[in-house]
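Here is a short briefing on a protein with DNA. Keep the sequence and the 3D view open as you read.

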Number of protein chains: 2
Amino acid sequence: MKDVATLAGVSLATVSRVVNGNDDVRPDLVARVRDAVAVLGYRRDLTASTLRRTDRTSSTIGLIIEDVSNPFFSAVHRGVEEVARANGVLTFAASSDEEPVRERELADAFAARGVDGLIIVPCGSDQGYLVRERETGTPLVFADRPPRFLDADAVVADNAGGARDAVEHLLDAGHRRIGFLGDRPTLFTAVERRRGYREALALAGIEEDPALERHGLVDSDSAESAVAELLLAADPPTALFTAQNLITIGAIRALRKRAAQHRIAVVGFDDVTLADMVEPGITVVMQDPYALGRRAAELLFSRLDGFNGDSRLDVLPTELVVRGSGEIAPIGEPA
Amino acid sequence: MKDVATLAGVSLATVSRVVNGNDDVRPDLVARVRDAVAVLGYRRDLTASTLRRTDRTSSTIGLIIEDVSNPFFSAVHRGVEEVARANGVLTFAASSDEEPVRERELADAFAARGVDGLIIVPCGSDQGYLVRERETGTPLVFADRPPRFLDADAVVADNAGGARDAVEHLLDAGHRRIGFLGDRPTLFTAVERRRGYREALALAGIEEDPALERHGLVDSDSAESAVAELLLAADPPTALFTAQNLITIGAIRALRKRAAQHRIAVVGFDDVTLADMVEPGITVVMQDPYALGRRAAELLFSRLDGFNGDSRLDVLPTELVVRGSGEIAPIGEPA
DNA sequence: CTGAAAGCGCTTACAG
DNA sequence: CTGAAAGCGCTTACAG
């Protein structure tokens, strides 16, 4: 910038004004500065600019998701990014890999780099470490799962409601023995979906059977094994509620290996690519991760725009998509 | 930091030394500084630190991909992130949405925020705008597609070779009329895959038939329409080579809608979720996007670690995965 | 081993 | 409308 000022024969202050699009500069000086910028290939250092700026705003936000390569979170990412972009803000994304330590490291790293706000899919069981950020005035929004030990905006899906819908759909098809396959019970979403599962059973007057539940399934492989095991039991389930996209994939794989995909009913939580093209099509309770991301970003930007009210919790609806796998009747019963 | 220094009764310099883990500080002073840091909830401002630091290093890299929600690029992202993380570096990712203007904006934005290096999946037809960065010494690596009008490291898949394998596989099954469904011909990968397609035909002594080629398919919907149209032609193809993951999905959908999935053979480029579970399984030429990301990051870090040799071009192998759809014989001929 | 001082690249009152 | 000067939060020679 110094070089630009020298070449244009003006002061640093004038260069700064021109570069920032300040109107109150004589046109001929503006032209000279622009020429000098072009000649020298000058580019402003935004970090230095942020440092000195009165509002200390960096026009960046941070996004911490579980895994950038899980399509669910990718869609969340995309939703966030679109809203951020519309606001002229850059989104920096990173994966926590479901490690609470990593979540915290990333939040610290983002904060230390001066992001204007943070959207987090929390995996730790305590977000209290972020109170400092809150006090400093950094807006925080949680997506997919609410924060714990911290008061902040959040957007989640109607996990329990969606799970209830899924299980009631299976009950309607005549099933009484419905397996539950869920993610780690430390996860908000996993707990909520199990709650929905149990509520639906309770409403139908069916007693819970722990032998039909499997928890802590973190990927499709573990889900595949769990289903294989369930099917070998003395009194196996006639239907499965798979509470997450990767689990659904693993379950379908297990069923197909045993040629049981036309015999055991399945309803999954979250949509899956090609779900409409396998035989039978996979019935799912769909949520809209893209909308989740958008909404989280909207909440964040409302804070950045000065909204200062109480914390908000948005609950997004889910939708049952009927495709075939969920409508299989238990053997010997009408559909 | 000033407050910490005051509270600990030491100078700013000493606080800086402690915070940076400098050994040469008396233990009791270290303790006092740490206490003060804890009491005040002090966190270092990394942007200010970078500004003043001699090496001007920010421990961040930027990643520009086409679309964070495309599973292919998500896997690239993950590969990059893992290597970066192992190097203690944070990855900032953003989508160009296949808009050259956006690619450039993002590259500028990252550069202005002082990233140590940049990994780019280029979509524009000219990366000359980055010569300035190169001259400034910012390492640049291109992934999936090589740069144009710029000399820099790149990692790509063996697109032409993979496409040749795919088409030869269909030729082996007895097909002579093989459709080509490709992405925009402005894309390096699309051009290379078409080249492989044509080479395979030429080697088999089959003349190209423009009526069997469709280009510019950007998503599964456009691919679905293109396939529908191809099948209605007077002399339709008996097999399809779908040159990209979303195109494969659209093609399969089109075939299933016409109950033609057991009659028309398909080999796709890129793997697709659940491809092994549809009927028939989808035969694909698989590339390893995760490895692509890792390799790109490795090239970048070798530059950051001081390697200063000529630009490198890494070509990653592809692998044919046989699952059923590619082994369907043309009607009236043996498989 | 520690501190006073300069300065990274920028913005912003403050005079003029 | 413009410039000289202070200073954002930090690091780093330089003395001591």
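Helices and strands here are DSSP runs, numbered from the N terminus; a helix needs at least four residues and a strand at least two. With that in hand, start at the DNA. α2 (12-19) and α4 (46-52) of chain A, together with α2 (12-19) and α4 (46-52) of chain B, each supply at least two residues of the surface near DNA strand D. Keep in mind that this is a predicted model.

**The DNA surfaces**

- There are 25 residues around DNA strand D. Those that come nearest are A:S11, A:R26, A:R52, B:M1 and B:S16.
- The surface near DNA strand D divides into 12 nonpolar, 6 polar and 7 charged residues.
- DNA strand C also has 25 residues around it. Here A:M1, A:S16, B:S11, B:R26 and B:R52 come nearest.
- Near DNA strand C, α2 and α4 of chain A and α2 and α4 of chain B each give at least two residues to the surface.
- That surface near DNA strand C holds 12 nonpolar, 6 polar and 7 charged residues.
- Look at A:S49, which sits in helix α4 of chain A. A:S49 counts as partly exposed, because it has 19 C-beta neighbours inside 10 Å and buried starts at 20.
- A:S49 and A:S16 are 33 residues apart in sequence. In space, their C-alpha atoms are 9.6 Å apart.

**Two chains, one axis**

- How are the two copies related? A rotation of 180° superposes chain B on chain A, with 0.0 Å of shift along the axis. The RMSD is 0.0 Å.
- The two copies are thus related as by a two-fold rotation axis.
- The contact takes 39 residues from chain B and 39 residues from chain A.
- On the side of chain B that touches chain A, the elements giving two or more residues are α4, α5 (71-86), β2 (90-95), α6 (100-112) and α11 (245-257) of chain B.
- This side of chain B has 19 nonpolar, 10 polar and 10 charged residues.
- Of the interface residues of chain B, 100% are also interface residues in chain A, so the copies meet through the same surface.

**Domains of chain A**

- The domain assignment gives chain A three entries: domain 1 (2-44), domain 2 (60-156 + 289-316) and domain 3 (159-287 + 320-327).
- How far apart are the centres of domain 1 and domain 3 of chain A? Taken over C-alpha atoms, 64 Å separate them.

**Nonpolar cores**

- The largest nonpolar core has 90 residues. The residues with the most contacts inside it are A:L181, A:F241, A:A251, B:L181, B:F241 and B:A251.
- A second, separate core has 82 residues, including A:F72, A:A75, B:A93 and B:F301.
- Among the residues that A:L181 touches are A:R214, A:L217, A:A223, A:L240, A:I247 and A:A251, leaving aside residues up to four places away in sequence.

**A buried strand residue**

- A:L63 lies in strand β1 (residues 60-65) of chain A.
- Is A:L63 buried or exposed? A:L63 is buried, because 33 other C-beta atoms lie within 10 Å.
- Beyond residues up to four places away in sequence, A:L63 touches A:H77, A:V80, A:T91, A:F92, A:A93 and A:I119.
- A:L63 and A:L106 are 43 residues apart in sequence. From C-alpha to C-alpha, they are 9.2 Å apart.

**Unusual backbone spots**

- Most residues other than glycine have a negative phi, and most peptide bonds are trans. The next points depart from that pattern.
- A cis peptide bond joins A:E279 and A:P280, with omega about -10°. A:P280 is in the loop between β9 (265-269) and β10 (283-286) of chain A.
- In chain B, the peptide bond from B:E279 to B:P280 is cis, with omega near -10°. B:P280 is in the loop between β9 (265-269) and β10 (283-286) of chain B.
- B:A259 is not a glycine, yet has a positive phi of about 50°. B:A259 is in the loop between α11 and β9 of chain B. B:A259 is exposed, because only 12 or fewer are allowed for that label and B:A259 has 8 other C-beta atoms within 10 Å.
- B:L274 has a positive phi of about 70° and is not a glycine either. B:L274 is in the loop between β9 and β10 of chain B. With 20 other C-beta atoms within 10 Å, B:L274 is buried.

Technical notes. Residues numbered from 1 in each chain as written. Chains lettered and ligands numbered in written order. Predicted model: local features only at pLDDT ≥ 70, side-chain atom pairs only at ≥ 80, totals over all residues. Near = placed C-beta within 6 Å. Nonpolar A, V, L, I, M, F, W, Y, C, P; charged D, E, K, R; others polar. Domains from an automatic or database assignment. Core = buried A, V, L, I, M, F, W, Y, C linked by C-beta atoms within 7 Å. Contact = placed C-beta atoms within 7 Å. Least-squares fit on C-alpha atoms with pLDDT ≥ 70 in both.
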